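Biologist: Could you take me through one part of this model in some detail? I would be glad of a close look.

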Amino acid sequence: KGGLLLQQGDNPEAAKALVRAIDLDQRNFTAWLWYANSLLNMRRYDEHLTALETALSLEPMSRPVNNNLAFSYQNRGDFERSLQHFDRLLELKGQNWERYRLSKVSLYFWSGELARAVEDARKILAKDPADVQAMTWLIDANVAFGDLETADTWAERVIALDPTTAWGQDV
């Protein structure tokens, strides 16, 4: 019942139903995951993280839980914990694993670890030399480093690959 209420957008009632399911079976992974989602939708962030951590303890290799934790910790500014979950997602190599690698680059950039952002962006480009998003992070990181010449070189590559990008348009 909690899952249906969650899909219908009735988060308070979904949370109540899911708590009842959890009370009946503390090891009900799905109930914990859906409960966490209902809490997030109600902006009850601390409880959301607690529910996710409980779900993780039940299914440590769950892609949805690790994904939610990676982004939740990133939004809270807890970059170290966020990286742990992005790393686990990369180990699991699900259908979105390249997105997770780019998310790690973003996380490194915003946490001020520019050298790590550049290192990971280059790893992406080693596998896919035409990855415009990875190049974009290299542009941003080199601008932050003050290396405008290298940033311009990457911008030219992006424009060559995708002339419709913002750098390729007259502003």
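Which residues are exposed on the other side of helix 10?

Modeller: Happy to help! This is a predicted model, in which local features need pLDDT of at least 70 and side-chain atom pairs count only at pLDDT 80 or more, while totals for chains, interfaces and linings use all residues. Residues are numbered from 1 along each chain as its sequence is written, and side-chain values use heavy atoms, with hydrogens and water left out.

Let's begin with the helix itself. Helices here are DSSP runs (H or I, at least four residues), numbered from the N terminus. Helix 10 covers residues 148-161, and its 14 residues should span 20 Å at 1.5 Å a residue, which agrees with the 20 Å between its end C-alpha atoms. That expected span is 1.5 Å times one less than the number of residues.

Now to its two sides. Ala 151, Trp 154, Ala 155 and Val 158 are the buried residues of helix 10, where buried means under 20% relative accessible area and exposed over 50% (1.4 Å probe, protein chains only). These buried residues lie on the same side of helix 10 because they cover an arc of only 105° around the axis, taken from the directions from the helix axis to the C-beta atoms. An α-helix has 3.6 residues a turn, so residues three or four places apart point the same way. To your question: Glu 149 and Ala 160 are exposed on the other side of helix 10.

As for the cover, helix 8 (114-127) and helix 9 (132-145) are among what covers the buried residues of helix 10, with contact meaning heavy atoms within 4.5 Å.

For another helix to set beside this one, take helix 2 (residues 11-24): its 14 residues should span 20 Å, in agreement with its end C-alpha atoms 20 Å apart. Its buried residues include Ala 14, Leu 18 and Ile 22, and their cover includes helix 1 (2-7) and helix 3 (29-41).

Technical notes. Helix = DSSP H or I, 4+ residues; strand = E, 2+ residues; numbered from the N terminus.
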